[in-house]
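This report is meant for a reader who has not met this structure before. Please keep the sequence and the model at hand while reading.

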Amino acid sequence: MNVRKATAAAVAAALGVTALAGCGFTEEAREATGKTDGPAPKTVTLVSHDSFNASKEVLAEFTKRTGFTVKVLKSGDAGEAVNKEILTKGSPQGDVFFGVDNTLLSRALDNGIFVPYAAKGVDRVPDTFRLDKENRVTPVDTGDICVNYDKKYFADKKLAPPQTFDDLAKPAYKDLLVVENPERSSPGLGFLLGTVARYGDDGWQDYWKKLKANGVKTVDSWELAYNEEFSGSAGGRTAKGDRPLVVSYASSPPVEVLYAEPQPKEAPTGVSAGTCFRQIEFAGLLKGAKNPEGGKALIDFLISKEFQDDMPLQMFVNPVAEDAALPELFTKHGVVVEKPETVAPAKIAEKREAWIQQWSSLLK
């Protein structure tokens, strides 16, 4: 789900855990293929937002199958990473781009940074996730952007946590919410789109006026919002964050459990299920890729059962393949959002920039 989705790399960093670095996996690849004394296998470069992560064992399995070793090049937040690829169109930084989501998909497709490729095994992915009929991108994961709340804060105050968009504008929650700037952050954009879906073209601006009057705080990135401003996260507690409501992901609570020492029986954070927007992330073969053969093999692998099963505990997003399984940590501490808000890709393409400009005029 930049992304992402609570991103494992950012949350792990906030909790003092070293995440997998964005680099090549040459040594593991050489061992996996048995080539310990000759030249390393050919490299395929994956360009991504900062939150991409995968286990060494799974990447080594890819190398064993294909002979290609994976190099990961991280390029900032999802929006920043997409913009870099647009600027280098035809002469890309790598072979495959991962991390463009449905909020930014039209920008990438309209700028022609991908070439069509129908991935092997894509028939295991439901049509609801396959938003590009020309196969320029392949869905890899999904998640829900939602408001998270600090359980301890609300228990101490004897105040019920908000559950809906309407709740967030009520006086009881004044000065409690921090959100991300949709101009710079994909979770921030997803939350804005959720309000557009909920209140419509004629109502969302009035809703944001209510949020502004109710003391909503805006910061530039998910990392700042979640790991510094939010009182419920490990990073936020260290930074003495004072906002018990934050825009994050439905999968954020399992992250707080996984990296805590000792692990609590219950997640310290909850999800306001009536505030969610459905996010889908894609991968695509970059136009001008130096290793298109390796790129196609990597896209195939990203939707393989091995990668899809590994992904939830690496990036804290949900798999899209129908035969993938969620780990117990997700099923126990995560939240299943039954009716997330959505906006049609064509409407996002038509209105996204205007919505962002209107939001900026309201909040600044």
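The sections below go from the whole protein to its strands, cavities and charged pairs.

## Overall make-up

The model described here is predicted. The protein contains 17 helices and ten strands. It has 364 residues, and 57% of them count as buried.

The area that the protein exposes comes to about 14,900 Å². Carbon and sulfur atoms supply 49% of that area.

## Strand β9 and its partners

Strand β9 covers residues 269–286. Of the 18 residues of β9, 15 are buried, so the rest of the structure largely encloses this strand.

Which strands pair with β9? Strand β3, residues 96–101, does so in the antiparallel sense over five bridges. Within this pairing, F98 of β3 stands opposite A283 in β9. Strand β4, residues 114–115, also runs antiparallel to β9, and two bridges join them. Here F114 faces L286 of β9 as its opposite residue. Strand β5, residues 138–150, is a further antiparallel partner, with eleven bridges to β9. P139 stands opposite F282 in β9.

## The largest cavity

The largest cavity holds about 50 Å³ of space. Its lining is made up of Y117, A118, A119, V122, R130, D132, N135, V137, T138 and P139. By type, the lining residues divide into six nonpolar, two polar and two charged.

P139 links this cavity to the strands described above: P139 is one of the lining residues, and P139 also stands opposite F282 in β9. T138 is another of the lining residues, and strand β5 covers residues 138–150.

## The second largest cavity

The second largest cavity has a volume of about 30 Å³. The residues around it are L168, Y173, D175, L176, L177, L211, N214, G215 and V216. This lining divides into six nonpolar, two polar and one charged.

L168, one of the residues lining this cavity, can be placed relative to K210. The two are 42 residues apart in sequence, while their C-alpha atoms are 9.1 Å apart in space. K210 is found in helix α9, which spans residues 204–213. L211, another lining residue, falls within the residue range of that helix. K210 is exposed, with a relative accessible area of 52%.

## Salt bridges within helices

Side chains of opposite charge can pair when their charged atoms come close. How many salt bridges does the structure hold? The count is 20.

Two examples lie within single helices. In helix α9, the side chains of K209 and D206 meet in a salt bridge, at 3.8 Å from N to O. K209 and D206 are three residues apart, about one turn of the helix. K209 is partly exposed at 47% relative accessible area, and D206 is partly exposed at 42%.

The other example is in helix α3, residues 56–66. R65 forms a salt bridge with E61, and their closest N and O atoms are 3.0 Å apart. R65 and E61 are separated by about one helical turn because they are four residues apart in this helix. R65 is partly exposed, with a relative accessible area of 44%. E61 is partly exposed too, with a value of 27%. Salt bridges that share partners join E61, R65 and E306 into one network.

## A salt bridge between distant parts of the sequence

K151 forms a salt bridge with E266, with 3.0 Å between the closest N and O atoms. K151 lies in helix α6, residues 151–157, whereas E266 lies in the loop between α12 (252–258) and β9, so the pair ties together parts that are 115 residues apart in sequence.

Are these two residues buried or exposed? K151 counts as partly exposed, at 26% relative accessibility. E266 is exposed, with a relative accessible area of 53%.

Definitions and conventions. Residues are numbered from 1 along each chain as its sequence is written. This is a predicted model: local features need pLDDT of at least 70, side-chain atom pairs count only at pLDDT 80 or more; totals for chains, interfaces and linings use all residues. Side-chain values use heavy atoms; hydrogens and water are left out. Buried means under 20% relative accessible area, exposed over 50%, partly exposed in between (1.4 Å probe, protein chains only). Accessible areas come from the Shrake-Rupley method with a 1.4 Å probe; for residues, only the protein chains shown count as cover. On a 1 Å grid over the protein atoms alone, a cavity is a set of points where a 1.4 Å probe fits but cannot get out, and a pocket is an open set with protein on both sides within 12 Å along at least five of seven lines; lining residues have an atom within 4 Å of a point. Grid points are joined across faces, edges and corners, and a volume is the space filled by probe spheres set on the points. Ala, Val, Leu, Ile, Met, Phe, Trp, Tyr, Cys and Pro count as nonpolar, Asp, Glu, Lys and Arg as charged, and the others, Gly among them, as polar. A salt bridge is a side-chain nitrogen of Lys or Arg within 4 Å of a carboxyl oxygen of Asp or Glu. Two strands pair if DSSP finds at least two bridges between them.
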